[in-house]
Amino acid sequence: MATPAVTLGIDLGTTSVKAALLEAAPGDPSGFVVLASCVRATRAEAEAQSAAAAPQAREQDVSRIIQALNECVAALPQQELRKVCSIGVSGQMHGVMFWKTNQGCEWTEGRAAPVFQPRAVSHLVTWQDGRCSRAFLASLPQPESHLSMATGFGCATIFWLLKNSPEFLKSYDAAGTIHDYVVAMLCGLPRPLMSDQNAASWGYFNTQSQTWNMEILRASGFPVRLLPDVTQPASVAGRTSHAWLEIPKGTQVGVALGDLQASVYSCMAQRTDAVLNISTSIQLAASMPSGFQPAQTPDPAAPVAYFPYFDRTYLAVAASLNGGNVLATFVHMLVQWMAELGLEVEESTVYSRMIQAAAQQTDTCLTITPTVLGERHLPDQLASVTRISSSDLSLGHVTRALCRGIVQNLHSMLPSQQLQEWGVERVVSSGSALSRNEVLKQEVQRAFPFPVSFGQDVDAAVGAALVMFQRNLKQEEP
């Protein structure tokens, strides 16, 4: 009897790395079961920004992310890792990191569980990076793309480095997202390979022709040598060039996917499902019909964008910059206030207590617009608190209003009426911020006139694995 094949899914998030092992369901070859999963916090915010950074920079230490990845995969059952036949990878879109070809990592050979560690790499400039001002973005050439440019997008960051730190760029000859880097290192790729999902998230990529805007970029002096090759999602990028922990050498690895698309893929059982993910940021996505093509001229003021999905289809996406990070900012503020009052309290304690208080406060007249980070379509928008009365100042009132504001802000970007017009009948929700916040779940159910179901925190990792699992199933069909 053949040993059942296992698929590993990995998601490299903004604050954590997640991994999940999938296997075909007993008696149902097309179904699957999650054998095991693991989450590891990265704690990767760079303590010292790179010399090329700016005050609004958001960078992460790649070594810490890869350490968390190795620890996360190592925590999965060894006997199952030995059966892994393919690996799916997803991660935070838009961001960019750089490395030197053939020097991007080193493998620790000669030990029981080989792992790779970054070598000649830069920091990861994340999607949250704010170094590209509106004036700087306006100075860039107009892309031939249906998606608008924004700070934190890979190509915008490279343009900024080209202007402000050209010597930095000369140090490297390869670039990609953090998850493109992981795939390149696992497979020993001579050039990074990128799915159109990640390419579109960088800007200056035409999803119809599936090509970078080479002429526009070259004319502006952009270092096009750094642009990865692009292929379709669900393609095989290569095979592992080394044994990795207990995973055999020669294991198939898929091209890296966007975390949004991977999350949607694991959750969307029917085309009539909309998928809501609340993690560091927040996205609401609905599937567009086959054959849909977005307008080729972007509307920077539009709150909904169309992201490439699978099989040349698109997702309509409202992507808010203000999600779990707003709650984290609020918690951090409270802890700082208490420290100034001479009281030391752990952030985790504050978080759990404020959720408890809000759970007991089922309603409030207090209104919070939580856009402390602005929005891509409204970059100058700030947060505000209105309808303040002396009876609504308890921690429960404020936390309830903050959770409600996060959901209502997203709902204003993509209202239920629009979802209904697209045929949506259910909202499937997931994400780390949602999985541990009962009040946020209540506000999601309150905002949408559809049935709402709640998924797991590891959905993007499961989705990345599921893409490879189903790809291999199709190839086995007679």
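## Exercises on a predicted model

The buried residues of helix α1 are V62, I65, I66, A68, L69, N70, C72 and V73, and the structure in which they lie is a predicted model.

**Exercise 1.** Describe helix α1 by its extent and by what caps its N-terminal end.

*Solution.* Begin with the extent: α1 covers residues 62-74, which makes 13 residues. Next, take the span from its first C-alpha to its last, which is 18 Å and close to the 18 Å expected at 1.5 Å a residue. Finally, look at the N-terminal end, where D61 acts as the cap, with a side-chain oxygen placed 2.9 Å from the backbone nitrogen of S63.

**Exercise 2.** Decide whether helix α4 is largely enclosed or largely open, and give the reason.

*Solution.* First, list the buried residues of α4, which are G154, C155, A156, T157, I158, F159, W160 and L161; a residue counts as buried when its relative accessible area is under 20%. Then set this against the length of the helix: eight of the eleven residues in 154-164 are buried, and therefore α4 is largely enclosed by the rest of the structure.

**Exercise 3.** Find the strands that pair with β24, and name the partners of S429.

*Solution.* Start with β24 itself, which spans residues 426-430 and is mostly covered, since four of its five residues are buried. With strand β18 (residues 273-278), β24 pairs in the parallel sense over five bridges, and here L276 stands opposite S429. With strand β25 (residues 452-454), β24 also runs parallel, joined by three bridges, and in β25 the bridge partner of S429 is F454.

**Exercise 4.** Work out how β20 and β21 are connected and how they pair.

*Solution.* The strands cover residues 304-308 and 314-320 respectively, and they pair in the antiparallel sense over five bridges. One facing pair is P308 with Y314 of β21. Between the two strands lie five residues, giving a hairpin, and in its turn D311 has a positive phi of about 55 degrees.

**Exercise 5.** Characterise the second largest pocket by its volume and its lining.

*Solution.* The volume comes to about 930 Å³. Of the 28 lining residues, those closest to the centre are T15, G324, A328, E347 and R436. The elements that give two or more residues to the lining are β3 (28-41), α10 (324-340), α11 (347-360) and α14 (432-435), and α10 gives the most, with seven residues. Sorted by class, the lining holds eight nonpolar, 15 polar and five charged residues.

Notes: Residues numbered from 1 in each chain as written. Predicted model: local features only at pLDDT ≥ 70, side-chain atom pairs only at ≥ 80, totals over all residues. Heavy atoms only, no water. Pairing = 2+ DSSP bridges. Buried < 20%, exposed > 50% of the residue type's maximum accessible area, 1.4 Å probe, protein only. 1 Å grid on protein atoms, 1.4 Å probe; cavity = no way out; pocket = protein on both sides within 12 Å on 5 of 7 lines; lining within 4 Å. Points joined across faces, edges and corners; volume = space filled by probe spheres on them. Nonpolar A, V, L, I, M, F, W, Y, C, P; charged D, E, K, R; others polar. Expected span 1.5 Å × (residues − 1). Polar contact = N/O pair within 3.5 Å; in protein donor to acceptor, adjacent residues only side chain to side chain.
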